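Hi,

Here is the structure I promised to pass along. Have a look at it first, and my notes follow below.

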Amino acid sequence: MGNNRAALYCRVDGGGDCETYQRALSAQRGKLEAFAREQGLEPARYYEDAGYPGRDLTRPGLNQMLADWKEGKFDTVLVVKRTRLFRGSIWEEPKWPFPILSANKLDRIPHCGQKR
């Protein structure tokens, strides 16, 4: 596997209409594309989940991303904030099989047990 192919993952919670979701997802995607360029990464895949809470791990976009990771389709995951992948206690957060880079500078401190 190479080391510069990035999956861009975006998620918005429920509570909005289709237009609101699309604006929010588009804004996240734009930030992630810019962040990928800054990091020297190639956006290989784009995944999104609209209207799903962060605690719901049965999201279709997330599950497709996990399947694609197993097939070697990307090397790292980019998110605007770590809460896009999971919202809840860090003690409850799954041990993700892939490296995660967050565009949010405050998220760039590794969690306990997480490799950089």
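To start with the basics, how many helices and strands does the protein chain have? There are 2 helices and 4 strands, and along the sequence they come in the order β-α-β-α-β-β. Please keep in mind that this is a predicted model.

Now for the overall picture. The protein chain has 116 residues, and 34% of them are buried. If you take the contacts between residues at least 6 apart in sequence, 65% of them join residues that are at least 24 apart. The chain exposes about 6,900 Å², with carbon and sulfur atoms supplying 52% of that area.

You may wonder about the cysteines. The structure holds 0 disulfides. As a reminder, a disulfide is a covalent bond between the sulfur atoms of two cysteines. Is C10 buried or exposed? C10 has 0% relative accessibility, so this residue counts as buried. C18, on the other hand, is at 57% relative accessibility and therefore counts as exposed, the cut-off being over 50%.

The aromatic residues are where I spent most of my time. Searching the whole structure turns up 5 aromatic pairs. One of them is F74 with F98: the ring centres are 6.3 Å apart and the planes sit at 55°, so this pair is tilted. F74 belongs to the loop between α2 (60-70) and β3 (76-79), while F98 belongs to the loop between β3 and β4 (100-102), so the pair ties together parts of the chain that are 24 residues apart in sequence. Both F74 and F98 are buried.

F98 also pairs with W96. Here the ring centres are 5.8 Å apart and the planes are at 15°, so the pair is stacked. Each of these two residues falls under the 20% cut-off for buried: W96 has a relative accessible area of 13%, and F98 is at 3%.

Which residues do ring pairs link into a cluster? They are Y47, W69, F74, W96 and F98, so if you colour those five in your viewer, you can follow the cluster by eye.

One last contact to look up involves a charged side chain and a ring: R29 lies over the face of Y46, at 3.8 Å from the ring centre.

Happy to go through any of this with you whenever it suits.

Best wishes

Conventions: Residues are numbered from 1 along each chain as its sequence is written. This is a predicted model: local features need pLDDT of at least 70, side-chain atom pairs count only at pLDDT 80 or more; totals for chains, interfaces and linings use all residues. Side-chain values use heavy atoms; hydrogens and water are left out. Buried means under 20% relative accessible area, exposed over 50%, partly exposed in between (1.4 Å probe, protein chains only). Contact means heavy atoms within 4.5 Å. Accessible areas come from the Shrake-Rupley method with a 1.4 Å probe; for residues, only the protein chains shown count as cover. A disulfide is a pair of cysteine sulfur atoms within 2.5 Å. Rings of Phe, Tyr and Trp (its six-membered ring) pair if their centres lie within 6.5 Å; planes under 30 degrees apart count as stacked, over 60 as edge-to-face and the rest as tilted. A charge sits over a ring if NZ of Lys or CZ of Arg is within 6 Å of the ring centre and within 35 degrees of the ring normal.
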